[in-house]
Amino acid sequence: MAALKICSVIVFAVVLLNAPETNGALSSRTWRKIYKANRNGPYLGLVIPNLFEMNPLLQSPSFTSSNLTLDFDGRRFRFGTIGEKKVILAMTGLGMINAGITTQLLLSLFKIEGVVHYGIAGNANPSLNIGDVTIPRYWLHAGLWSWQRYGQGPEDELALESNGDYTRKYGYLKFANYTANVTHVSSYDNLLNNIWYQPEEVFPVDGTPEERQHAFWVAVDSHYFNISKKLEVLKLESCINSTTCLSETPKVTTVKRGTSASIYLDNAAYRSFIYNKFKVSPVDMESASVALICLQQKVPFIIIRALSDLAGGGSAQSNEASTFTSLAANNSVKVVVEFIKLL
């Protein structure tokens, strides 16, 4: 019986590796490359939002390319080493959906021992500065809401709440609290009414299919997080050229929380709200998606984000994200490289 099973697996593999290429499927040539690459694994997966965040790593003397790349569904997977660690680099593109798709492909196709996600982010924490590199313990997807009908309030049950689809457990935002230029009125309203933040539905690989679980705060790997604390002594860049420098020397800091949504946050009022409500520091568009995929696939992960601006403005120095984007990207890469060398 055991021999029959082995033969069946071999026959299936031969058929698969010689299958013709069809739309939406891997070609037999690509399958052979994946099989060969995985024989040299496992790898540490590096998930990176954009080229301007990936290029400093590609140009780093600490990264050695193996000259192997695999392309599938618009994604490119680049192989190499950092120190003695074998790595695969994958650029996601902007936003939660792109990050989730790319991370899932990485974990489904390749033998991955862990994931490091890095890049730049906006900042919601007034005690931190542009150029700082943050390593949060927890991540939140802050773009999943239940938006109440006008006239309803916190005492009213949400639609489908009784079915377990939605909850009034998390972050209540009343838009009327942010109405401006109201005079001679003791109370006021806003047609946008209220929202409640919602946990994600998750389906872990070791759970029962279609039996949902929920996750609001997603914790990074505790071992990775403890290692990352050793990076707080690193010296980071503070100047982008001889004439443009930060007034505060950037630092590496572990923080409690970060948040993501497919929204470019450039609004001071909302920044203050999410900081006061959730005590988050970095604010970006991809990290929580990577966290949720790794949670469901039971793969250890960590996320490292350098701050390029105070979201919504308000700092004493230049607060346009484009001004210090390159500095923040370089600082994030330096921290990532040193983290990997400690593994």
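**Note on the disulfide, cores and cavity**

1. The structure holds one disulfide. This is a predicted model, and the points below should be read with that in mind.

2. The bond joins C239 and C245, with their sulfur atoms 1.8 Å apart. The torsion about the S-S bond of C239 and C245 is about 105°, so this disulfide is right-handed.

3. How accessible are the cysteines? C239 has 32% relative accessibility. That value lies between the cut-offs of 20% and 50%, so C239 counts as partly exposed. C245 is also partly exposed, at a relative accessible area of 37%. C294 is buried, with a relative accessible area of 1%.

4. Next, the nonpolar packing. In soluble globular proteins, nonpolar side chains tend to be buried together. Here the largest nonpolar core has 63 residues. Those with the most contacts inside this core are L46, L57, F77, F110, V115, I304 and F339. Which helix supplies the largest share of this core? Helix α8, residues 325–342, does so with eight residues.

5. I304 deserves a look on its own. Neighbours within four places in sequence are set aside here. Beyond them, I304 is in contact with V116, H117, Y118 and G119. Its contacts also include V133, T134 and I135. S332, V335, V336 and F339 complete the list. F339 is, like I304, among the residues with the most contacts inside the largest core.

6. A second core is separate from the largest one and has 17 residues. Among them are L140, Y197, L265 and I274.

7. Helix α3 covers residues 51–58, and E53, M54, P56 and L57 are buried in it. Where do these residues sit around the helix? Seen down the axis of α3, the buried residues fall within an arc of 155°, so they line one face of the helix. An α-helix has 3.6 residues a turn, so residues three or four places apart point the same way. L57 appears again in the largest core, among the residues with the most contacts inside it.

8. Last, internal space. The count comes to one cavity of 30 Å³ or more. The largest cavity has a volume of about 40 Å³. Which residues line the largest cavity? They are W139, L140, H141, Q198, P199, E200, A215, F216, V218 and L292. Strand β6, residues 133–141, gives the most to this lining, with three residues. L140 is one of the lining residues, and L140 also belongs to the second core.

Notes
Residues numbered from 1 in each chain as written. Predicted model: local features only at pLDDT ≥ 70, side-chain atom pairs only at ≥ 80, totals over all residues. Heavy atoms only, no water. Core = buried A, V, L, I, M, F, W, Y, C linked by side-chain atoms within 4.5 Å. Buried < 20%, exposed > 50% of the residue type's maximum accessible area, 1.4 Å probe, protein only. Helix = DSSP H or I, 4+ residues; strand = E, 2+ residues; numbered from the N terminus. Contact = heavy atoms within 4.5 Å. Arc of directions from axis to C-beta. Disulfide = S-S within 2.5 Å. 1 Å grid on protein atoms, 1.4 Å probe; cavity = no way out; pocket = protein on both sides within 12 Å on 5 of 7 lines; lining within 4 Å. Points joined across faces, edges and corners; volume = space filled by probe spheres on them.
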